[in-house]
Every structure is written in structure tokens, then in C-alpha cells.
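Here is a short briefing on one protein chain. Look at the sequence and the fold first, then work through the points by topic.

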Amino acid sequence: MRYKMNLQLHASKSIEELFDTPTVLNYLKERKYPPMLGETLFPERKIQGLKIEYIKGASNVPVMASVHAFDTEAEIASREGFDVVEEKIALIKRKIRMNEETIIQLSRPRDNQEQQYAVNKVYNDVDAMVMAVKARVEAMRLEALSTGKIAVNENGVVVTVDYGVPAEHQEALSGTSLWTDPASKPLDDIYDMVDKIVADTGTTPTRALTSRSVLNALLRHASIRKAIHGVNSDKIVTITDLNTLLKSMELPAIATYDERVRVQNKNGEYTTKRYFPEDKFVVFPDGMLGETIYGLTAEEIELASDSSVDMNAIGNILAMIYRTKDPVARWTKAVATALPSFPVADEVFIAKVK
């Protein structure tokens, strides 16, 4: 549902006055956008800079102290197993041109209803641009979780952020091992994933994320039906049944994520993509996996000199409506700098299972 901004007829006001920065910031402050899965795994936080820095731990397995004789010096421990990771935050932005009909309706409205309609169209553009930025950030979070990396090749920016998921915590099944094959042993595979994480890090994965397609393969798998309903049963296996079984086996509970996003190609056409790959199965521990770090933008720095703007009102994503003179146009733009941190990358297992 689109948010609607109610107003009285202001035929004497220019478009710049109708949509000045404080007004748009107030709109964004009040606007509640639908939450995304990645926000729960990588909670959002704003910093006053362009670089993120976090500590990545290699192991939660404790190092045992040794027995000493009385009146002797304590054994000196070494500092190991921690890496300080520093990454530069990515600039993300999108804009859309205000069409001439909307400009006329805003500048010379015949009545309040026509102006209200035009104003709502503009705020719909604000929503669309903000959601475009949020979608790119969500894609980064899920790419990090499902591949251990973020690979960017857009608008002349070619960079890969490698979060350092160990090679032994990644696996690509093939042949009869694929979970779509009746001869595969998915429960054994999940056991192996969990055992590997526990052995290497001391952390027990409690959650798994996959696609509906992989989940359906599990629900239809004869070995899982047998484990739940017994031999030669024709009963349908539900996700509740499966997660109950996994809980009894001290294995991660499964959730699915099948949301999609559209990407506009250079030719103007759209391609639909998934946030989370259809063939992946990822296990990971409780709690937050990292943070979604938002930083400063050049637009915010420019606004700092405007006494009418409350800088504290600027959130993670900044939206604005502005005018250009050559060519003459008005634009609605959303911009942010953002990047997920992933300090527990060592504690996940990424498998291609389909």
C-alpha cells in the first residue's frame, strides 16, 4: 500500500517549496517500509564515515590453561584467531525523472484533488527509489550469506568483497549426492555440515536457509518420509514435520526465502532475479550474523550547510527531489552508502545441493 501525503491546495507554491528537503525527510521519518529478511540477520546501523571495521574470530574453541607448581609464573597466552577486517562502503543510488504531466498538475492544479493526486505520484516515486536502494542492500546481504562474497560489476565499479568463509565450509554436491536424487542422503549431509562447524569453531548452527524448491525436494525425499512416518508410508511430509525431526536430531531448523527483485538492463528491459539462490542450503548459528552498515553520502555533506535541515532527521537512506537546468528537469533520487559486515563468516556452511 502506498503512503499518501495529505495537504491543502497550494497553487501558489512551487514544486521546490512543496517538496523541500525538510518535508521529504519528515515523510521518510514517518514512512514504514516492509521489513526484509536480511535486516533481521544483519541489523542496520549508521556510521559517520565510509569504512567499516570489525573483528572476525577464527574459533570459539577455548585454549586450555595448564597446571603450574605454586610460586611459578603463569603461562603466557598468545593472541590468535582474530582478524581485523576493513572494507569500504558501497555507494548505491537511483533516480527517476518527473514527467511533464505531473509537473503541470503540481504547478497549475485545477483543484485540491488534482494536486493531491500529483503529490501522491511524487511520493510513490520516492517510495520506489528508496525501495530500489533497500533492494540492492538486501541483495548484498543474501549474496554474502549464500556465497561468502559480494561481487560487484556495475556502472564501472568492479570489486569483490570476500568475507573469508573457509573452503572446507563450502561444498557443491553433484551426481547422486544432489538432494533431488533418490540415492542422496540429505540428513547425513546436514549432519556433516553441522559437525564440521562444531569441530572447527565450537559453535553449533541452529538455523538453515534455503529455497522452496530445495525444501520440496527434502519433503518428497523417501529417506526423510521414512524417518518421519516409517517404512512404506504415503503420508505427506510437512515443513513442521521436518523441523520437528531436525530438532530431535539437534540439527538446524529450516526456513525458506524466495523473494525476487527486478534489475533494469541497459536496454531498458527488466530481468527478474532471486535474492537467495534456488540451489543453496546454508546453515548458521543463532543471533545476528553481522550488521548492515550505512555511512555518509556527499548529499548529506551538502545539506549540512542548510540551516532548515535537521541533520538528525536523516536516516539510513536519503531521498530528495531536485531541479536541473540543463536540461531542464526535476528528479526524485534516493541514495545511501552501505555494506554488510560478516564477522561470523567462519561459522556458516554453504552447500549447493540441487
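**A salt bridge to begin with**

Asp279 and Lys352 form a salt bridge, and their closest N and O atoms are 3.9 Å apart. This pair links distant parts of the chain: Asp279 lies in the loop between strand 11 (270-274) and strand 12, Lys352 lies in strand 16, and 73 residues separate them. Keep in mind that the model is predicted.

**The two partners of that bridge**

- Asp279 counts as partly exposed, because its relative accessibility is 21% and the buried class stops under 20%.
- Lys352 is partly exposed as well, at 30% relative accessibility.

**The sheet around strand 16**

- Strand 16 belongs to an open sheet of five strands, in the order 7-16-12-8-9.
- The pairing in this sheet is mixed.
- Which strands form the edges? They are strand 7 (170-172) and strand 9 (253-256), and each of them pairs on one side only.
- On average, neighbouring strands of this sheet are turned by 20° against each other, with direction ignored.
- In general, the strands of a sheet pair through backbone hydrogen bonds, and they do so either parallel or antiparallel.
- Strand 12 (residues 280-284) and strand 16 (residues 349-352) run antiparallel, and four bridges join them.
- Find Val282 on strand 12: its bridge partner in strand 16 is Ile350.
- Helix 6 (residues 186-201) packs on the sheet and touches strand 12 and strand 16.
- The direction of helix 6 makes about 155° with that of strand 16.

**More salt bridges**

- How many salt bridges does a search of the whole structure find? It finds 13.
- Arg330 forms one with Glu16, and the closest N and O atoms are 2.9 Å apart.
- That pair also links distant parts of the chain: Arg330 is in strand 15, Glu16 is in helix 1 (residues 15-18), and they are 314 residues apart.
- Arg330 is buried, because its relative accessible area of 12% falls under the 20% limit.
- Glu16 counts as partly exposed, at 30% relative accessibility.
- Glu299 and Lys333 meet through their side chains in a salt bridge of 2.7 Å, N to O.
- Here too the pair links distant parts of the chain: Glu299 is in helix 10 (residues 298-303), Lys333 is in strand 15, and their positions lie 34 residues apart in the numbering.
- Are these two partners buried or exposed? Glu299 is buried, with a relative accessible area of 14%, and Lys333 counts as buried at 13%.
- Glu44, Glu138 and Arg141 are linked in a network of salt bridges.

**A buried threonine in strand 15**

- Thr332 sits in strand 15 (residues 328-340).
- Thr332 is buried, because its relative accessible area is 1% and buried means under 20%.
- What does Thr332 touch, leaving aside its neighbours within four places in sequence? Its contacts are Arg94, Lys95, Ile96, Val122, Asp125, Val126, Met129, Met320 and Ile321.

**Two helices that cross**

- Helix 2 (residues 21-30) and helix 5 (residues 112-147) have axes that come within 12 Å and cross at roughly 60°.
- Helix 2 passes helix 5 in a right-handed crossing.
- From helix 2, the contact uses Thr23, Tyr27 and Leu28.
- From helix 5, it uses Tyr123, Val126, Asp127 and Val130.
- By class, this contact of helix 2 with helix 5 has five nonpolar residues, one polar and one charged.
- Val126 of helix 5 takes part in this contact, and Val126 is also in contact with Thr332.

**Two residues with positive phi**

- Most residues other than glycine have a negative phi.
- Asn232 is not a glycine, yet its phi is positive, at about 60°.
- Asn232 lies in the loop between helix 8 (222-229) and helix 9 (239-248).
- Asn232 counts as exposed, because its relative accessibility is 75% and exposed means over 50%.
- Glu250 has a positive phi near 60°, and Glu250 is not a glycine either.
- Where is Glu250 found? Its place is the loop between helix 9 and strand 9.
- Glu250 is exposed, with a relative accessible area of 66%.

Notes. Residues numbered from 1 in each chain as written. Predicted model: local features only at pLDDT ≥ 70, side-chain atom pairs only at ≥ 80, totals over all residues. Heavy atoms only, no water. Pairing = 2+ DSSP bridges. Helix = DSSP H or I, 4+ residues; strand = E, 2+ residues; numbered from the N terminus. Axes fitted to C-alpha atoms, helices over the stretch in contact; angles between N-to-C directions. Contact = heavy atoms within 4.5 Å. Buried < 20%, exposed > 50% of the residue type's maximum accessible area, 1.4 Å probe, protein only. Left-handed = near helix turned anticlockwise from the far one by under 90°. Nonpolar A, V, L, I, M, F, W, Y, C, P; charged D, E, K, R; others polar. Salt bridge = Lys/Arg side-chain N within 4 Å of Asp/Glu carboxyl O.
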